[in-house]
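Visitor: I'd like a close look at a single part of this one, with whatever surrounds it. Can you take it slowly and tell me how the pieces connect?

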Amino acid sequence: QVQLVESGGGLVQPGGSLRLSCAASGFTFSVYAMAWYRQAPGKEREYVASITGSGSGANYGDSVRGRFTISRENAKNTLYLQMTKLRPEDTAVYYCTRPNDYWGQGTQVTVSS
């Protein structure tokens, strides 16, 4: 069965960096585009970034463009999100998704001094 397991979240100070990982299993990872979304308390789920199956193309939400980088390592069935210049407003649960069907359980990112 399809599984998406996020890791790498935690507490970080403003201006800091974190790298999230998403381990995928149960499907041919390299065939599918993948994406990251996030949800802050009391807010709707927000698109963060997406990447093509080959990794050759990526798109970003306006709020993270220039600070976050999505990437993937198909040989390891793993999706990444490198987050830099973190702000308190980046605080949210971050979800890995195979768009339109499967979601991970999420990993908490808290940006606070």
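Guide: Let's settle one term before we start: a residue is buried under 20% relative accessible area, exposed over 50%, and partly exposed in between. Also keep in mind that this is a predicted model.

The part I'd pick is strand β9, residues 92-98. Six of its seven residues are buried, so β9 is largely enclosed by the rest of the structure. Who are its neighbours? One is strand β4, residues 34-39, which pairs with β9 in the antiparallel sense over five bridges. Gln-39 has Val-93 as its bridge partner there. Another is β11, antiparallel to β9 over three bridges, with Ala-92 matched to Val-109. Then there's β10, covering residues 102-103, joined to β9 by two bridges and also running antiparallel. In that pairing, Arg-98 sits opposite Tyr-102. The hairpin of β9 and β10 leaves three residues between the strands, and one residue worth clicking on is Asn-100, which takes a positive phi near 80 degrees.

Now go to Cys-96. Its sulfur is 2.1 Å from that of Cys-22, and the two form a disulfide. Search the whole structure and you find one disulfide. A disulfide, remember, is a covalent bond between the sulfur atoms of two cysteines. This one links distant parts of the chain, with Cys-22 in β3 and Cys-96 in β9, 74 residues apart. Both cysteines are buried. The torsion about the S-S bond is about -70 degrees, so the disulfide is left-handed.

Follow the bond across to β3 and you land in an open sheet of four strands, ordered β1-β3-β8-β7 with antiparallel pairing. At its edges are β1 (3-7) and β7 (68-73), each pairing on one side only. From one strand to the next the twist averages 15 degrees. β3 spans residues 18-25 and runs antiparallel to β1, with five bridges between them; Ser-7 stands opposite Ser-21 in β3.

Back on the β11 side, have a look at Thr-107, which belongs to that strand (residues 107-111). Its relative accessible area is 10%, so Thr-107 is buried. The side chain of Thr-107 reaches the backbone nitrogen of Gly-9 at 3.2 Å. Among the residues Thr-107 touches are Ala-92, Val-93 and Tyr-94, along with Glu-6, Ser-7 and Leu-20. So where does that put it? Ala-92 and Val-93 are the residues you met in the β9 pairings with β11 and β4.

Last stop, the aromatics. Tyr-95 joins Tyr-37, Tyr-47 and Trp-103 in one aromatic cluster. Five aromatic pairs turn up in the whole structure. For Phe-27 and Tyr-32, the ring centres are 5.4 Å apart and the planes stand at 80 degrees, so the pair is edge-to-face. Within the cluster, Tyr-37 and Tyr-47 have centres 5.6 Å apart and planes at 75 degrees, so they are edge-to-face too. Tyr-37 is in β4 and Tyr-47 in β5 (residues 46-51), so the pair ties together parts 10 residues apart in sequence. Here's where the opening term pays off: Tyr-37, at 25% relative accessible area, is partly exposed, and so is Tyr-47, at 28%.

Methods. Residues numbered from 1 in each chain as written. Predicted model: local features only at pLDDT ≥ 70, side-chain atom pairs only at ≥ 80, totals over all residues. Heavy atoms only, no water. Pairing = 2+ DSSP bridges. Axes fitted to C-alpha atoms, helices over the stretch in contact; angles between N-to-C directions. Disulfide = S-S within 2.5 Å. Buried < 20%, exposed > 50% of the residue type's maximum accessible area, 1.4 Å probe, protein only. Polar contact = N/O pair within 3.5 Å; in protein donor to acceptor, adjacent residues only side chain to side chain. Contact = heavy atoms within 4.5 Å. Phe/Tyr/Trp six-rings, centres within 6.5 Å; stacked < 30°, edge-to-face > 60°. Lists of a residue's contacts leave out its neighbours within four places in sequence.
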